[in-house]
Amino acid sequence: MSDALIVWLLYLALAYLSIGVLFAIPFVLWRIDHIDASAVKSTRGFRLIVFPGAVALWPVLLNRLSTSTSDLPRERTAHKEIQQ
Amino acid sequence: MGHTYEAVGWNRQKKHYDGVLWSGILLYLAVFVGGGLLWSPDSTLETLLIRGTSTLAFLLLHVILSIGPLTRLHPGFLPLLYNRRHLGVSMFIVALVHGVLSIVQFHAMGDINPILSIFVNDSVPDWSTGFPFQPLGLFGLIILFLMAATSHDFWLNQLTAPVWKSLHMLVYLAYALLFGHVIFGIVQDTSSLIPLILTVAGALWLVCLHLVAGFREKKRDTPATSKDGFVRVCRVDEIELNRAVTALVGRERVAIFRSDKEITAISGVCQHQNGPLGEGRIIDGFVTCPWHGYQYCPLTGKSPEPFTESVPTFRTAIEDGQVFVSEIPDPENIHSPASLTGDKVND
């Protein structure tokens, strides 16, 4: 793998994480309870603990915010798929 | 869960667990570094810390990977499962210390970016003189970070248990990467065979443990034979009071429980972390998961308030002392259990 390609991949990773930080800060401060009712009145320690994950998985959380619901996603197991 | 999130749901047992864990971690590092300074006075503190944290993190990873199959083989190991995520996060912290110290010692003093330097190490110009093992370590650490960062129940709920579980199954990829990191690092760093033998022995232990546990689980999953939309599971007297028998129905296990008066059946997969509900018991009228204590009503499949989890239920029937379970879950979890009182069977 050439050095130039490695550099570009690292820049890409840096860009991804930078966007993640910019997203995660307002998310854990003001928007987290919009996607999970259990996060309402949650502790500062909790918001600090989920911050790294919010930086890493910001696309998932952004998608959840776009659905405008605090209902938790329904898991898909073999039995629940048959039930539906 | 229908309650407010905290950073860590501390209780007395968790505090005791973490106290013992971190005492052990600090003791290990103290003995390793102290012993290293006595045995090899020329070694620097930083080098000993790098080696100490690497061996400790890798050892903890072996312990973590052993817990799952051990609990499948014997329920006596279940207490080790309860706070496994604390063990995992602690292991990541130790591995992170190792990673940071290594980057500082080996890559921070050059002209290029330290992270870039991991991939373009000039001291190893090609694979004939040394395998570039450091990127393997970095990728392994990234996976461990993802797992630690998503260890809270918030992520379990946002991703759902099956997706969360799949993410955390990446621990095996992390292990493979770190195995390569350790093996190729050892080969280049020391002429002693002992570290190599121990590393290979650790891998063999994990492989054998998983194979034994896997074969044993596979034997339990023989699909039940179907008739008229029901499958025969077992005899009534084979089910202990307040315990369950499991059967493979619809690609997943169903747990058939027996209470004083009736036989009920629910999906055998806990909504929390997909634990084996069939290995739990009925406590205070609720099916209780043996892994983390999540509860479900055996009739409705719903958790007691204020919790909101639920699992599918299945119709049951008894004929000539044999228990039958429907192949398809109840569409709305309105369940009619099979009576044990000799009355007409409900189905």
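In this predicted model, the area buried between chain B and chain A is about 3000 Å², and carbon and sulfur atoms give 69% of that area. On the side of chain B, the residues that lose the most area to chain A are B:Tyr5, B:Trp155 and B:Gln158. Together these three account for 20% of what that side buries. The contact takes 43 residues from chain B and 38 residues from chain A. Across the interface of the two chains, the rule finds zero salt bridges, while five residue pairs are found in polar contact, both residues of each pair having pLDDT 80 or more. Several elements of chain B give two or more residues to the side that touches chain A, namely helix H5 (114-119), helix H6 (134-149), H7, H8 and strand S4 (252-258). Among these, H7(B) gives the most, with five residues.

Salt bridges were also examined over the whole structure, where seven are present over all chains. One of them joins the side chains of B:Asp153 and B:Arg85, with an N to O distance of 3.2 Å. This pair links distant parts of the chain, since B:Asp153 belongs to helix H7 of chain B and B:Arg85 to helix H4 (residues 84-107) of chain B, 68 residues apart. B:Asp153 has a relative accessible area of 18% and is therefore buried, the limit for that class being under 20%. B:Arg85, at 27% relative accessibility, counts as partly exposed.

A further salt bridge is formed by B:Glu217 and B:Arg253, whose closest N and O atoms are 2.9 Å apart. Here too the pair links distant parts of the chain: B:Glu217 lies in helix H10 (residues 194-220) of chain B and B:Arg253 in strand S4 of chain B, 36 residues apart. Both B:Glu217 and B:Arg253 are buried.

The side chains of B:Asp330 and B:Arg315 also meet in a salt bridge, at 4.0 Å from N to O. B:Asp330 is located in the loop between strand S11 (322-326) and strand S12 (338-339) of chain B, and B:Arg315 in the loop between S9 and strand S10 (316-319) of chain B, so this salt bridge ties together parts that are 15 residues apart in sequence. B:Asp330 is buried, at a relative accessible area of 3%, whereas B:Arg315 is partly exposed, at 32%. Salt bridges that share partners join B:Arg72, B:Glu217, B:Arg253 and B:Glu279 into one network.

Disulfides were sought over all chains, and the search of the whole structure finds zero. Two cysteines of chain B may be described by their accessibility. B:Cys208 is partly exposed, with a relative accessibility of 45%, while B:Cys234 is buried, with a relative accessibility of 3%.

Chain B contains an open sheet of three strands, ordered S6-S7-S8, in which the pairing is antiparallel. Strand S6 (281-283) and strand S8 (295-296) stand at the edges and each has a single partner strand, so one side of each is left without a neighbour in the sheet. Strand S7 (residues 286-288) of chain B pairs with S8(B) in the antiparallel sense over two bridges. In this arrangement B:Val287 stands opposite B:Tyr296 in S8(B).

The backbone of chain B includes a cis peptide bond, from B:Glu305 to B:Pro306, with omega near 10°. B:Pro306 is found in the loop between S8 and strand S9 (313-314) of chain B.

Positive phi angles occur at two residues of chain B that are not glycines. At B:Thr160, phi is about 75°. B:Thr160 lies in the loop between helix H7 (153-159) and helix H8 (161-168) of chain B, and it counts as buried, at 9% relative accessibility. The helices on either side of that loop, H7 and H8, are among the elements that give two or more residues to the side of chain B touching chain A. At B:Asn242, phi is about 65°. B:Asn242 is found in the loop between strand S2 (230-235) and strand S3 (244-249) of chain B, and it is partly exposed, with a relative accessible area of 29%.

How values were computed
Residues numbered from 1 in each chain as written. Chains lettered and ligands numbered in written order. Predicted model: local features only at pLDDT ≥ 70, side-chain atom pairs only at ≥ 80, totals over all residues. Heavy atoms only, no water. Pairing = 2+ DSSP bridges. Helix = DSSP H or I, 4+ residues; strand = E, 2+ residues; numbered from the N terminus. Buried < 20%, exposed > 50% of the residue type's maximum accessible area, 1.4 Å probe, protein only. Disulfide = S-S within 2.5 Å. Contact = heavy atoms within 4.5 Å. Buried area = accessible area lost by both parts, 1.4 Å probe. Polar contact = N/O pair within 3.5 Å; in protein donor to acceptor, adjacent residues only side chain to side chain.
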